[in-house]
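Biologist: Hey, could you walk me through this one? I'd like to look at it piece by piece.

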Amino acid sequence: MFHVKQSYDVIVVGGGHAGIEAALAAARLGCLTALITMDKHAIGRMSCNPAIGGTAKGHLVREIDALGGEMGKIADATGIHFRMLNMSKGPAVWSPRSQNDREWYSREALAHIEGQHGLDIIEGMLADIRIEDRKVQGVLTENGLSIACRALVICSGTFLNAVMHTGTRASTGGRFEEPASSGLTEKLLRHGLTSGRLKTGTPPRLQRDTIEFGETEVQPPDEVPSPFSFQTGKISNRQIPMYLTYTNLQTHEILRTGFGESPMFTGRIKGVGPRYCPSIEDKINRFAQKERHQIFLEPEGFDSNVVYMNGFSSSLPADIQEKALRTIPGLAHSVVLRPGYAVEYDYFPPHQVRHTLETKVLRGLYFAGQINGTSGYEEAAAQGIIAGINAAHAVQGKDPFIVERNEGYIGVLIDDLINKSTEEPYRMFTSRAEYRLALRQDNADSRLMRRGHAIGLVSDESLARLSKKESSVAAARRYFLAERVNRDDLSRILPENGDGSIPDSETLNQILRRPEVTLGSILRIPWVRNAPEMEPLLSDADAMRQAEIEVKYEGYLKRQDEQIALFRKNESMLIPDGFSYAGVKSLSNEGREKLNRIKPRSIGQAIRISGVTPADVSILMISLMR
């Protein structure tokens, strides 16, 4: 049992995925840190889908891990179903995903927090923030604790003035059976911040032993699971299948009968919901021509009798939800343990934070997660580790830590939030990254691990493993360029893969660049497979995959390197703090308003601000040169 200290270097509020990463990062960087949460046993609770990763989100998890974060390790430890998504497409969009044991994930997260030296858990709710001279000085909790701090990270999730909706029923709360946090929004508004309202939702939970899985399509896990963490040797957990079924026209007709009581359609919900993860009623309203929608039935754990109904998020009346879902194959006799519901909550439009995630109007105050308008565990965790690092660096007088958008999806996420802000929950997609071929999930360690090591979050051992992997890839690539394959050996590869025309000889590099040839097929040649240069790749799937991608996409990667060089040039053209746009003549009215609001740190950032035209940028550059 510990005693709450009178003062901490960093206080983190909220024990969700953002709070976990922020608190661990700050503590590991040497700051005395406290994590304030309403219930320590709710830390890491997977309140919506018990899954980690997915398209683009898996990239974020691997980047968090490369920087020294925790989400990937917890996901690997508690995963019950791993799949690498989009394998039929190019490597830029391959994305790892895991289904996780919901309760186990939360227990594992708590264990990581409790085992961290220099990190205290305080159970309670934030009541007020002490601010003097536009700087955070401390916090006051609802149970009367007054605690000083030098930096404060708020990771409030969906709890600020939160209201839950099911049909015409509404109750305060940010999550099932968990209270809302009230008053904090109003206090921050008085200090010059502005807030908005967003909405998210969750589907019904079903009783597992009442589902007829024989009427559904089995979704098996990968035979060889791919871990999220670069520190995980292999996934040893038993893997279980998930199940796929579909709605039908009868389902849709029943759901439509509830539209008159829908809080979304009747206007009781004012907040904007996620465009790319809509509720089932929104799907059948917006896509009326579609005769069916996918529903994934996902068990919430090895021993859990609860099944998550992925794709059926709803805030319609409970009886309508139940009647409709029973028309779906496999669910005719299913028992609903809890109906779906929507949550409406406050957020703070993210143009109000810097790239460090410190607010622009209050020094020492950082926002991370859904408070910035994002959706998803992974987006929250990515912000959490950046906010935690920067809070610690500010306390210690160190330079800000920023991931640029050419370095990682984390950089794309934060840069998009600031420059474009958001009026709906922001979700990460690979299409948001202009350098996505260079920002693959397999090379997140090469892109970011040295930065994590430089600040003290990544161990020497982890860096040594990265160096070994990179040496293996480099040696293999030199070997591919030097060794030639003759006609006889080529015939082992090409007849079944190519058009039948076999050259006299080609280098391994040339043959591997053929779209129909894989590194696996080249390794059918015994002398290639047995070459010393191949031995490290055969024992490291990540290294083998990376070597093959770098050969096949060499031309595209060189082109992206040229684009990144131009990006860096624009980013190096800094705009001084406090620069006055009022004195820059000929700027468009919208351009001036956006520049004043966002206050870009560079010409590169100014270029990416929605509403700032190329002409505005040219005028700004001339003004800066003068």
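Modeller: Sure. Let's start with a pair: Leu85 stands opposite Ser95 in β5. Strands here are DSSP runs of E with at least two residues, helices are runs of H or I with at least four, and both are numbered from the N terminus. This is a predicted model, where local features need pLDDT of at least 70 and side-chain atom pairs count only at pLDDT 80 or more, while totals for chains, interfaces and linings use all residues. Residues are numbered from 1 along each chain as its sequence is written, and side-chain values use heavy atoms, with hydrogens and water left out.

Biologist: How many bridges join β4 to β5?

Modeller: Six, and the two strands run antiparallel. Two strands count as paired if DSSP finds at least two bridges between them.

Biologist: In what order do the strands of that open sheet come?

Modeller: The order is β3-β5-β4, with antiparallel pairing. β3 (51–53) and β4 (79–85) each have a single partner strand, so they stand at the edges with one side lacking a neighbour in the sheet.

Biologist: Which strands of the sheet does α3 touch?

Modeller: α3 packs on β3, β4 and β5, and its direction makes about 115° with that of β4. Contact means heavy atoms within 4.5 Å. For the angles, axes are lines fitted to C-alpha atoms, for helices over the stretch in contact, and the values run from 0 to 180 degrees between N-to-C directions.

Biologist: And how many of the eight residues of α3 are buried?

Modeller: Six, among them Met71 and Ile74. Buried means under 20% relative accessible area, exposed is over 50%, and partly exposed lies in between, using a 1.4 Å probe and protein chains only.

Biologist: Switching to α4, which residues are buried there?

Modeller: Arg102, Tyr105, Ser106, Ala109, Leu110, His112 and Ile113. They cover an arc of only 160° around the axis, so they sit on the same side of α4. That arc is taken from the directions from the helix axis to the C-beta atoms.

Biologist: What do they pack against?

Modeller: Their partners include α1 (17–28), β2 (33–37) and β6 (119–123).

Biologist: New topic: what joins β16 to β17?

Modeller: A hairpin does, through six residues. Four bridges link these antiparallel strands, and Phe296 has Asn310 in β17 as its bridge partner.

Biologist: Which residue in β16 is opposite Tyr243?

Modeller: Leu297. β15 (residues 242–246) and β16 (residues 294–299) run antiparallel, joined by four bridges.
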